[in-house]
Amino acid sequence: MRVIFAGGGTAGHINPALAIAGYLRERQPDAEILYIGAKGGMEERLVPQAGFEFTGISVQGFKRKVSFKAFKENIKTVNLAVSAGKTAKKIIQEFQPDICIGTGGYVSGPVLRAAQKLGVPTLIHEQNAYPGVTNKMLSKKADRVMLAMPAARNHFKGKCHFVDTGNPVRSEILTQEREASRKKLGLDERPVILSFGGSLGARKINEALADIISRSAKDGKYQHIHAYGQYGKWFPKLLEDKGADLEKATNLDIREYINDMPVCLAAADVVIARAGAITLSEIQVKGKPSILIPSPNVAENHQYHNAMSLVEKGAAVMIEEKDLTPEKLTEEIDKLASDPERLAAYAENAKKMAISDASKRIYSIMIEVLASSKSR
C-alpha cells in the first residue's frame with residue numbers, strides 16, 4: 001500500500017496523522033508512506049523524527065485582519081496556493097499513492113484537491129467539534145469524512161459520507177494505570193490536580209492557578225502537578241512571592257514541561273487544561289474529570305465547541321478565558337475535588353465519550369475505501 005498523509009501547522013493536525021501512519025506500519029510493514037507538510041512548519045521536524053519520509057511545500061493561511069499589510073500577505077497566500085497545487089500534483093504523480101489522507105491545516109488543501117482531481121481516493125480526519133475551513137472545503141469530494149466528535153456533522157454542508165472514528169490516542173496513554181503512576185510519582189491518596197496550558201504555556205492559566213497552588217504549599221490539601229510552559233519561566237517566582245516554599249512543599253511538582261504525560265494523566269483526579277482535540281481525547285479515554293479553559297486565540301473558536309461537547313455530556317466544567325479569575329478557578333477546583341459523587345459521574349461520562357480504537361477504525365476505513373475504488 002502506498003499512502004500520502006497531509007496535515008500540519010499544529011501538533012493537533014500532525015499527531016493524528018503520525019498515529020495513523022504508525023498503526024498502518026504495524027499492520028503492513030512494507031507500506032510506503034509519504035508525509036507532505038508545510039516548509040518551515042513543525043511537521044518538518046516531527047515527521048522525520050517519527051521515522052517517516054517528509055516532503056515540504058510552501059503554503060500559508062489567509063490573514064483575517066483588514067489592513068494593507070494583510071492584503072499584501074493574502075495576495076502572497078493566493079500565489080502560494082496556486083504553486084502549491086502544481087507542486088502537490090507533481091508529487092502525487094511521481095509517488096502514485098493508493099490513497100491520500102488529510103488531517104487538517106492549510107497544507108492539506110492543495111494536496112487533497114490535487115489527489116481528488118487525479119482520481120486518487122481521499123479521506124479527511126477532523127479532530128475538532130467545529131471543523132476547520134480546509135476540511136469543510138475538502139469534504140465535498142472526499143470518499144470519507146472521519147470525525148473525532150459527532151457534533152462536527154452539524155457544521156458540514158452538502159452530502160458527506162461521515163464515519164465516527166475518534167482521535168487516535170497514543171498507546172502509552174491507554175495502558176498507563178493510576179496506582180502504578182501515583183507510586184512512580186511518589187504521590188499519596190490526597191487529591192491530585194494536573195494542570196497545563198500547552199508547551200508554550202498560557203499566561204492567563206498560570207496567573208489564575210497561582211493562588212491555589214501557593215495555598216496548597218501551605219495547607220497541603222492537594223497534590224499539584226503543573227507545567228507553566230516555555231514562556232512561563234516567571235511562574236515559580238510568582239509562587240514564591242505569594243509565600244510558597246517550593247523546596248519544602250513536597251506536594252507540589254512545578255515544572256516547565258510535562259515529558260511524562262501518560263504517567264501524570266493516569267495519576268490525576270482533576271485535569272485543568274485548554275480544550276485542544278487531542279488533549280480532550282486523552283482525558284476521555286482515561287475517564288478524567290476536567291476544568292477546561294478554551295483558548296480564544298484559535299480558528300473558528302473551535303476549542304470552545306470542543307469543551308462544550310464534554311460540558312453537555314456532564315463530563316467537564318468550562319470557564320471561558322474572559323471569565324477566568326484566580327477566585328473563580330479556585331472555587332471550581334474546590335467544589336469538584338471535594339465532591340466524590342460528582343467526580344465519579346464526570347469520570348464515567350468522560351469515559352462513555354471515549355473512542356480508544358480510533359487508529360484501528362481508520363485503518364479499516366482505508367482498506368474499505370481502497371477495495372471499493374479497485375472494484376469501480
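**Reading a buried serine and an open sheet**

Modeller: Let's start with one pair: the side chains of Ser 195 and His 226 make a polar contact of 2.7 Å. This is a predicted model, where local features need pLDDT of at least 70 and side-chain atom pairs count only at pLDDT 80 or more, while totals for chains, interfaces and linings use all residues. Residues are numbered from 1 along each chain as its sequence is written, and side-chain values use heavy atoms, with hydrogens and water left out.

Biologist: Thanks! What is a polar contact?

Modeller: A polar contact is a pair of N or O atoms within 3.5 Å; within protein, one must be able to donate a hydrogen and the other to accept it, and residues adjacent in sequence count only if both atoms are side-chain atoms. Ser 195 has another such partner, since its side chain and that of His 224 are joined by a polar contact of 3.0 Å.

Biologist: Is Ser 195 buried or exposed?

Modeller: Buried means under 20% relative accessible area, exposed over 50%, and partly exposed in between (1.4 Å probe, protein chains only). Ser 195 has a relative accessible area of 0%, so the residue is buried.

Biologist: Where is Ser 195 found, and which residues is Ser 195 in contact with, beyond four places in sequence?

Modeller: Helices (H or I, at least four residues) and strands (E, at least two) are DSSP runs, numbered from the N terminus. Ser 195 belongs to strand S8, residues 192–196. Contact means heavy atoms within 4.5 Å, and the partners of Ser 195 include Leu 209, Ile 258 and Ile 272.

Biologist: Now the sheet, please. What is the order of its strands?

Modeller: Two strands pair if DSSP finds at least two bridges between them. Here seven strands form an open sheet in the order S3-S2-S1-S4-S5-S6-S7, with parallel pairing. Strands S3 (53–57) and S7 (162–164) each have a single partner strand, so one side of each is left without a neighbour in the sheet. From one strand to the next, the twist averages 25°.

Biologist: How many bridges join S4 and S5?

Modeller: Three bridges pair S4 (residues 99–102) with S5 (residues 122–126) in the parallel sense. Ile 101 stands opposite Leu 123 in S5.

Biologist: Which strands does helix H4 touch?

Modeller: For angles, axes are lines fitted to C-alpha atoms, for helices over the stretch in contact, and angles run from 0 to 180 degrees between N-to-C directions. Helix H4 (residues 108–117) touches S1 (2–6), S2 (32–38), S3, S4 and S5, and its direction makes about 150° with that of S5. Helix H15 (residues 358–374) lies across S1, S4, S5, S6 (144–147) and S7, at about 175° to S6.
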